[in-house]
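Please look at the chain shown below before reading on. The text after it is a guided walk for someone new to this structure.

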Amino acid sequence: MDTNYHRSDDVRSWKFWNNLEKVIKKKLSELSNDDVEAIRPLLNPTEAKFFNLI
């Protein structure tokens, strides 16, 4: 098994999810209070806290 390839794949995956999290948090931070109030009921408390919506 090529462990270097496996590691590079893990790094690419981590970079993708890390970037996605940053993009989502940035977009959510730009929402108006009315938008946040509309989205909040769709999330459970843990998700809302993760995205700084509570």
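The paragraphs below go from the overall fold to contacts between side chains.

This is a predicted model, in which local features need pLDDT of at least 70 and side-chain atom pairs count only at pLDDT 80 or more, while totals for chains, interfaces and linings use all residues. Residues are numbered from 1 along each chain as its sequence is written, and side-chain values use heavy atoms, with hydrogens and water left out.

The chain holds three helices and zero strands. Helices (H or I, at least four residues) and strands (E, at least two) are DSSP runs, numbered from the N terminus. Read from the N terminus, the order of the elements is α-α-α. The confidence of the predictor is given by pLDDT, a value for each residue from 0 to 100. Its mean over the chain is 86, and 85% of the residues reach 70 or more. Among the elements, helix α2 (residues 33-39) has the highest mean pLDDT, 93, and α1 the lowest, 83. Where pLDDT is low, the predicted coordinates should not be read in detail.

How much of the chain is buried? Of its 54 residues, 7% count as buried. Here buried means under 20% relative accessible area, exposed over 50%, and partly exposed in between (1.4 Å probe, protein chains only). The exposed area of the chain is about 4800 Å², and carbon and sulfur atoms supply 58% of it. Accessible areas come from the Shrake-Rupley method with a 1.4 Å probe, and for residues only the protein chains shown count as cover.

One part of this surface is a nonpolar patch of about 390 Å², made by Phe16, Trp17, Leu20 and Ile24. Patches consist of residues with over 30% relative accessible area and no salt bridge; like charges are joined within 9 Å, and nonpolar side chains (Val, Leu, Ile, Met, Phe, Trp, Tyr) within 5 Å. Leu20 belongs to helix α1 (residues 3-29), and Ile24 also lies in helix α1. Leu20 counts as partly exposed because its relative accessibility is 30%. Ile24, at 31%, is partly exposed too. Phe16 is partly exposed at 48%, whereas Trp17 is exposed, with a relative accessible area of 54%.

Two members of the patch also meet ring to ring. Rings of Phe, Tyr and Trp (its six-membered ring) pair if their centres lie within 6.5 Å; planes under 30 degrees apart count as stacked, over 60 as edge-to-face and the rest as tilted. The whole structure has two aromatic pairs. In one of them, the rings of Phe16 and Trp17 have centres 4.9 Å apart and planes at 80°, so the pair is edge-to-face. Phe50 and Phe51 form an aromatic pair that is edge-to-face, with 4.9 Å from centre to centre and 85° between the planes.

Which charged residue lies over the face of Phe50? Lys25 does, at 4.3 Å from the ring centre. A charge sits over a ring if NZ of Lys or CZ of Arg is within 6 Å of the ring centre and within 35 degrees of the ring normal. Phe50 is partly exposed, with a relative accessible area of 41%. Phe51 can be placed relative to the patch: its C-alpha atom is 8.2 Å from that of Ile24, and the two residues are 27 apart along the chain.

Lys25 leads on to the charged contacts. Side chains of opposite charge can pair when their charged atoms come close. A salt bridge is a side-chain nitrogen of Lys or Arg within 4 Å of a carboxyl oxygen of Asp or Glu, and the whole structure has three of them. In one, Lys25 pairs with Glu21, with the closest N and O atoms 3.3 Å apart. These two residues are separated by about one helical turn because they are four residues apart in helix α1. Glu21 is partly exposed at 29%, and Lys25 is partly exposed at 27%.

Lys26 forms a salt bridge with Glu30, where the closest N and O atoms are 3.5 Å apart. Lys26 is exposed, with a relative accessible area of 52%. Glu37 and Arg40 meet in a salt bridge at 2.9 Å, N to O. Glu37 is partly exposed at 45%, and Arg40 is partly exposed at 26%.

The last stop is Asn33, which is in helix α2. Asn33 counts as exposed because its relative accessibility is 64%. Asn33 and Leu53 are 20 residues apart in sequence, and their C-alpha atoms are 9.7 Å apart in space.
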